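The following paragraphs lead the reader through a molecular structure, from one chain as a whole to an interface and then to a single strand. Please keep the sequence and the coordinates at hand.

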Amino acid sequence: MKNGEVNHLRRMGSAWAVIAVVADLVYWFAVGPHVPPGRLTEAAKNNQMDFNILMLVALPVLLGVWVYLAYSLRVWSAKRGGPEPVGGPAAASNRRTQVLWISITSVAVLAAAAFGTVALIVDHGSGGGEGPNPVWMPTGAAKAETAALAGKATWAPGTNAVLPVQVIAQQWKFTYRYPTFGGFESPDLILPANTSVAFNVTSLDVIHSFWAYQLSIKADANQGVNNVAFTETKGPGQFVVRCSELCGIWHGSMYNYGKVVSQGAFMQWAQQTEMANAANTKLLPPFAYTYAPDANGAAGGLYPDGTVTPYNSSLTYGAKQPAS
Amino acid sequence: MTMRGRVASVLGLFVVAVALVVWAVSTLLTPGTPGGVTDFTKTQAMGQSVDITVQTDGAIGYGPHPSWVSYLVKNPTTGQWVHDTTWQLPANTTIHMTVLQYDSGSPLRNQEWGQVQGVSNAQLNGKSYSLFNSYTGSGVGHTFTVPELGISVPLVGTSGNICASGPCHLGSPHNTITFTFKTPKQAGEYHWQCFVPCGLSSLYGNGYGMSTQNYMGGFLDVVA
Amino acid sequence: MTDTYNKPGVMSTTPEEVEFELRAHIGSIWTGGRLFIGMYTFMVASLAFAYFYLRSSNYSMEWRPNHVTAPTQYGWAIYACVAVMSLLAIFGQSRLRKGQVADWLVAGWTAVGIGLLALFLQLWEFVALPFYPGSSGYASTFIGFGVMNAVTLFATTYWVETTVARAHALKREFGADAILAKTSEARSFRANVAAMTYFQGFAFLVGTLFLLMFYVL
Amino acid sequence: MTISAERPTDVVATPPSTSGAVRRGGWFSQHLGTALIAAILGYLFGHWLGNHIAGNYTPVVNSGVNDLANFFGLLFGVVGWLLGIGALNYPLAKIAGRSGTEKTPDVEGFSKYFRYSTDHKTVGLQYVIGVCLFLFTGGLLAMAIRTELLNPTTHIFAPSTYIEIVSEHGTIMMMMATSIVVGPLGNYLIPLMIGSRRMAFPRIEAFSFWIFTAGYMVIFSALPYGGFPTGWTGYAPLQNQAGPGMISYLFGFAVIGLGMMAAGFNIAVTIINYRAPGMTWGRVPIFVWSILATAALLTLATPVLFSAGLFGILDRVDQTAFYVAEHGGSSYLWENLFWFFGHPEVYIMALPAFGIVAEILPVFCRKPLFAQKVGAAGMIGVALLSFFVWQHHIFQSGINPDMRPLFMLTTELISIPTGFIFLVGMGTLYKAKIRYELPMLFSLALFFNFLIGGLTGVFLSDVPVNVTVHGGFFVLSHFHYTIMGGLLFAFMAGLYYWLPKMTGLMLNKKIGLWQFWLMFVFFNLTFFPMFIIGLLGQPRRVYTYAKNLQGLNDFSSISAFILGISFLIFAWNLAYSWFIKPEKAPANPWDSLGLEWQTATPVPVHNFDRIPVIMTDPYHYGEPGATALADLSGVSSSTGNPA
């Protein structure tokens, strides 16, 4: 920068510094605490925090470019006259600027990736679907999951045990199974407060996605796959469950409301429902993490059933009907 | 032709093409409910209960897809069977529903739907029931389920010589299921559907009739 | 702002321009041949991915119950055809470089015949399968492979046929030694032969991989 | 095998292959009309054939739906279309040994625009009309979506109709966006910018356009078939379960994929081989770089979609089980294959936009393009990296959960080369002399919109935050900011900038300003609220939503209608500036140094009287006495060796 010239970059920089700091402060104190998904669970709280921290970085970047654009569009407009731009190699490239830009963006990007990774691991998958064999789990989750399969899982208020809950997605409704209470199935999702919950999400047909919004849980439901997601509930509250993967005609209607209630109230509800549903629970298949329904459905007819002989021009392909 | 004329004719053709597209889109994607709305609000006096009679057929027998499963509803004024799954109901009113189930059944994919939920006085051929084991008898043919209202009733399958195409008549073997529920106070469109994968020849049985409005699902259009 | 239009001149070419465009054209055949191999690779790689993905995940234990296998005699026969075709292509091209046009033509027509035979075998195999298409993951990927292979065989045979036919046309138009001449037509033709040979060599490698995947393993 | 053996060093002059003979086509020679007739006949034949083969199969008898007949109908319809337009004349003649280099002279006169033309300028203009038809169809459907979302409980469309609309809108727009720049501007301008008289494979180029139009009809045919319920992502196994409209989606993408591969193949080969003497890689204009990177993605990523579509079609017409878990398939297989194509596809849309704005900025800043090499490297970097990020679309799906940190890293890494475009833009603006012409305004709008789109992309790539924003309106808004806010604004910039060259007529500035400001303001008012709607928990593709979100949705809908009007204003501007008050464009209205402005307007068939010799890069603005861009008198005999 030569002497006597207006130092444009310094002007922009100081304007930007002020605006960015103000924006960050306003965001952090006025907006941040209200950012979804709220604070109903540990995962929600952490994800809100992650969102806010990314926002703290993103806002200055956004404002930096905007300040630069606004300044240059105004100051260097042809209508305002000003000196003719200088061309030549110096204007076409500037090694220092380029190196600086690439370094800054690289550092920012790597920091964001590192931050995201740490947040993901520390928060046991952050409430996202972790597949059938989760690598990052809360303590006790593995034990509870294994016990649930054997029908031996227990949960009682005040025990700090992990509560496994199965989410069964089907066109077009979620239903829920509670292996710790005899494996009853219910259209209602009720959870105890201050408890680690392991959601085991599976589907009976096409892909759905279990999105418990305020719990900050999202896990795709695939037929034949158990997709596990963890969170720890906080105080009592309401939440909405929606399907967030297009699953056909009634996708928009595939929602229900759930509740986080006190541990005692949950225990009472669970035991009552277990009793009320006992007759039906006996008819359900034993609790498992995936189910194998017939791809043909009740009416059959899509895939041939059983063994089919090699092609024979006198036979009609797929002629054999499955028993329905 | 002059340059201008040529370009004009291109743009003219383009406008024609756009007009064709607009016409095609608006014809193929008609707003509104397929079939129509059957109105149950006019036939009863205010506050009186409403009777709905529907039948479920293995094959509707007419229309663009005669082989698909479907619900049919009896029009309260004319008494005709209508192919229509959007029913306009008064809010906060008792509904007596009669289902004539003409279709065969199967074990349920999810036995959860074998339970009677959210309705009172559910009767299967005159006998009260609250649960049906779908592994017995002819299984469950369809369900009538309104997820948002917590209503679900298994419609038990018929055995024997089932009615081949609708509308079916009382002479064909059928099960009669009756139950009572109350519409919510809040007006709105409440989606109902069948939870038995009965869409013949589609993957998981949930295609075709199950995936098309006016066959195995629709709305309870509750009006204040 | 300039207000006058540049006036278009009359189309003409200088010898330099002709040579420049000819080189660009031959370079395009070279580049295009390689790029086509790249595209083909991504296409068959998707099939290989499907194969290994379904094989390793083995959903519902239905990847390959009872180790069903498509008729191996067909597999080997088709593979032999592909192998002979690419050997003929490579052999033919080396003869062509040495000026033995007749050898190349014979190799070419033989390759066309073998290609048609392989195509026929591949299509006929579909009606001789001991499984129905959706019976297992293996069955599904095999059908996918069969369709892709049929398309590949058709395309390769078409390519060989058009090249050989072009050689005859060149001879008809420009005389017996037109194929080895330094005319633009002949140079373009030879570049095409080179690209074709290269592709056939690659198709042979792909064929080997899929033979192992579907018939041997 | 080496090709060098095929290159004799001696120079042989042959007469120019393009003869001056004028061919005029009659009513019954091949044109759009014969193509339509042949397509209809092909469809009828295919449909009959499919019914003949599979009409009595159990699934068909039970459901009354015959996928094979529909598929064969469409397949033979497309073959008929190609036959009718004349695309197959040469491939068939080749069997009898016709030459690859000889070129049938195009039909001249106005009707060439309705024919199989091998002139890249004709193809470019055909594409302009083609993509506009695509765009307006998709836009019409967008209006329908926003109409339905005016009210959460009262439904204007039935849910099945709504899903049809959403899916059709997404698919049409995605198909259109792959070609919106490469098709019209790429085809028209690439030879002009690299100083070539022709494309490398003009027939493949013409094929790419006519198969693109066939793709439009195939995807449109989903509507009479009852649509498809899967959205543009076409997830299996919903795809397997869907009605017959799904065939149109799968086959439509395959057909469009063929067009994408053909267009990319031809353009990549042309750029590599047909650059004028002296046009070293360092002198290649940035727009050409962006199109080259795009072409690489088009050729290499699209085959994967093609395979995935083939598997999908086989699943439906042959009852294979690629995507059905009970029969040994996997629903994850489609997700992996689709997104392996799908993410490069996203950059197929972003890169040409960067190229356009980087090309336009120096002209209106009167300054050299800043950091051109970094910009070009960034484009290549984006293209390469885009093959390694696909799993960020399926973070919550349960696929490879322990790989998520890796894909989070690659995804965020891609913002480094993407950021180069901001470096290029901001560097060029520095101490410039900015003229606010329409192309410049649209280019600047890209920087505004794409910044928001890009930054929200970082939120999406962060796995913990992704839990909340995935599959909701947040991501919807994000990609509309990048594709519409980026690509469409750049496309408009490109049209306002280059249409005077392509048509010889200026577009009206006043109407253009109305369009720009309405489009810019209401684009942001439409899509910015959607970030909030998404954060407040509204999933994509739903016909009903929480009642408390009605205000925001209505705001967005009404803005969307005005945004729609801005496109009508654009159409009006075309009509006004071309017929009502045409204004002849000056030879170089923007005082650009680009090579494409150095040739005559309208561009002659042979583009350049002499193949130019390039001396330098085209960005020497603000540099009095700089070397001239090119020697238009061509390679003289004395310097006969082209560089």
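Of the 324 residues of chain A, 48% count as buried. The model is predicted, and every value given here is computed from it. The secondary structure of chain A consists of 7 helices and 10 strands. With a radius of gyration of 28 Å, well over the 20 Å that the globule rule gives for 324 residues, chain A is therefore more spread out than a compact globule. Along the principal axes, the C-alpha atoms of chain A fill a box of roughly 90 × 65 × 30 Å. Among the contacts in chain A that link residues at least 6 apart in sequence, 68% join residues at least 24 apart.

The division of chain A into domains comes next. Domain 1 of chain A covers 8-75 + 95-122, and domain 2 covers 141-283. The centres of these two domains of chain A, taken over C-alpha atoms, are separated by 36 Å. Contact between them involves 9 residues of domain 1 of chain A and 12 residues of domain 2 of chain A. On the side of domain 1 of chain A that touches domain 2, there are 4 nonpolar, 3 polar and 2 charged residues.

Chain A also meets chain D: 87 residues of chain D are in contact with 87 residues of chain A. On the chain D side of this interface, the largest share, 8 residues, is supplied by helix 15 (residues 415-429) of chain D. Sorted by class, the side of chain D that touches chain A holds 49 nonpolar, 26 polar and 12 charged residues.

The last part turns to a strand of chain B. Strand 10 (residues 151-156) of chain B has 6 of its 6 residues buried, so this strand is largely enclosed by the rest of the structure. In a regular strand, side chains alternate between the two faces of the sheet. In strand 10 of chain B, B:I151, B:V153 and B:L155 point one way, while B:S152, B:P154 and B:V156 point the other way, and all are buried.

What is the partner of this strand, and in which sense do the two pair? Strand 9 (residues 140-146) of chain B pairs with strand 10 of chain B in the antiparallel sense, over 6 bridges. Across this pairing, B:F144 stands opposite B:V153, and B:V153 is among the buried residues of strand 10 of chain B. The hairpin formed by strand 9 and strand 10 of chain B has 4 residues between the strands, and B:G150 takes a positive phi near 70° there.

Key
Residues numbered from 1 in each chain as written. Chains lettered and ligands numbered in written order. Predicted model: local features only at pLDDT ≥ 70, side-chain atom pairs only at ≥ 80, totals over all residues. Contact = placed C-beta atoms within 7 Å. Nonpolar A, V, L, I, M, F, W, Y, C, P; charged D, E, K, R; others polar. Domains from an automatic or database assignment. Rg over C-alpha atoms; globule rule 2.2 N^0.38 Å. Buried ≥ 20, exposed ≤ 12 C-beta atoms within 10 Å, placed from the backbone. Pairing = 2+ DSSP bridges.
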